[in-house]
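Here are a few exercises to work through at your own pace. Have your viewer open, try each task, and then compare with the solution.

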Amino acid sequence: QDTDLPNVKILATGGTIAGAASSATSGSYSAGQIGIQTMINAVPGIKKLADVSGEQVANVGSQDITVEIWLKLANRINELLASDDVDGIVVTHGTDTQEETAYFLSLVVKSDKPVVTTGSMRSSTSISAEGPLNLYNAVAIASNPEAKGKGVMVSLNDQIHAARDVSKMNTTNVNSFQSPIKGMLGGVFYGRLGFFREPNTKFGNTSKFSITGVKELPRVDIIYAYADMSPDLIDMHVKAGAKGIVIAGVGNGNMTDAILKAAKKAYEDHGVIIVRSTRAATGWVLRDNEFKDADYHTIASGDLNPAKARILLMLALSKGEKLNDMQELFYTY
Ligand SMILES: NC(=O)C[C@H](N)C(=O)O
């Protein structure tokens, strides 16, 4: 232990960064195979950046991340960051749902110490595996005082992104993570880093959401919109127990007239809140675009993609937020 170095805890959850294959040149592999200590040992120089230690929270492909794992992870981070002995946190995570976990954490972690999620697109046994450098950079960010107060960050491929803004934009490229609307927060190059802008939504200590005592979250489903979609889809989700529904709408959060009418009915008859997001890769969904949202009790997601809008809606419903306050939430969180 080097007491002069910052103290960084690495919480591992699995993903391709912990994945392994029988061949270094095959795209087939299994995610979540190797443990955190093996991952740390594979990063040259990591111990010069910080006093690092690892903890295994889960070991799954991030397609299998659950609300239960989110709560466990967030509670552990809050516990660790409350201690003077921990200066920053790195979370290793699969890339498929990394933006969801990062956004969830950004809303419920009650500290301004740095929290950085990272992962990789190539498994640990792949030729040119990029996981070790991503982990090295993530530890460098988490131990840098400049990274304080930036909310939860996502770092892969030499870039630093704000949890709210980032999306996985490509299925296989190492340059998959991008913040298409607002751009990246900063850059990192072999551990040297700089920030270009501030994050501009609420998170951490200014967030009104907390998971203290929370054991589960209300069910919120996502419905993908398309031409001539079946008008009974909303009903099916309401009957299955959804308390909120996010529509991955066409264009600027649009959907067929029949779905819109079903949405209105779902709120009036069952109190189910409907949020309009978009299936388009990027862009705002604004209120009152091609119709008046108030006429159908719908909420516009702003620049939150469907998966992130679902997380905000789950937390808002869990806190008992009412329809009237929802639009403000979606524009500010
Ligand atoms: N690149 C990856 O990490 C993909 C993997 N399916 C995961 O999300 O765990």
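## Exercise 1: T16 and the ligand shell

T16 is buried, because 28 other C-beta atoms lie within 10 Å. The label follows a count of C-beta atoms placed from the backbone: buried means 20 or more others within 10 Å of the residue's own, exposed means 12 or fewer, and partly exposed is in between. The model is predicted, so a word on conventions helps: local features need pLDDT of at least 70, side-chain atom pairs count only at pLDDT 80 or more, and totals for chains, interfaces and linings use all residues. Residues are numbered from 1 along each chain as its sequence is written.

**Task.** Where does T16 lie, and which residues surround the ligand?

**Solution.**
1. Start with the elements, which are DSSP runs numbered from the N terminus: helices are H or I with at least four residues, strands are E with at least two. T16 is in the loop between strand 1 (7-14) and helix 1 (36-41).
2. Check the record: an unreviewed UniProt entry has the annotation "active site" at T16. Such annotations may be inferred rather than shown by experiment.
3. List the shell, where a residue counts if its C-beta atom, placed from the backbone, lies within 6 Å of the molecule. The ligand is surrounded by G15, T16, A31, G61, S62, Q63, G94, T95, D96, G119 and M121.
4. Sort the shell by type: two residues are nonpolar, eight polar and one charged. Here Ala, Val, Leu, Ile, Met, Phe, Trp, Tyr, Cys and Pro count as nonpolar, Asp, Glu, Lys and Arg as charged, and the others, Gly among them, as polar.

## Exercise 2: A parallel sheet

**Task.** In what order do the four strands of the open sheet stand, and how is strand 13 placed?

**Solution.**
1. Recall the background: strands of a sheet pair through backbone hydrogen bonds, either parallel or antiparallel.
2. Read the order: the open sheet runs 11-12-13-14, with parallel pairing. Strand 11 and strand 14 are at the edges with a single partner strand each, so one side of each has no neighbour in the sheet. From one strand to the next, the twist averages 25 degrees, taken between N-to-C directions of axes fitted to C-alpha atoms, on a scale from 0 to 180 degrees.
3. Follow the bridges, of which DSSP must find at least two for strands to pair. Strand 12 (residues 244-249) and strand 13 are joined by six bridges, with A248 opposite S277. Strand 13 pairs with strand 14 (residues 298-300) over three bridges, and R276 has A300 as its bridge partner there.
4. Look at burial: six of the six residues of strand 13 (residues 273-278) are buried, so this strand is largely enclosed by the rest of the structure. I273, V275 and S277 point one way, while I274, R276 and T278 point the other way.

## Exercise 3: Two positive phi values

**Task.** Are D158 and D228 buried, partly exposed or exposed?

**Solution.**
1. D158, in the loop between strand 5 (152-156) and strand 6 (159-162), has a positive phi near 70 degrees without being a glycine. D158 is partly exposed, because 17 other C-beta atoms lie within 10 Å.
2. D228, in the loop between strand 11 (220-224) and helix 6 (233-239), is not a glycine either and has a positive phi of about 60 degrees. D228 is exposed, because 7 other C-beta atoms lie within 10 Å.
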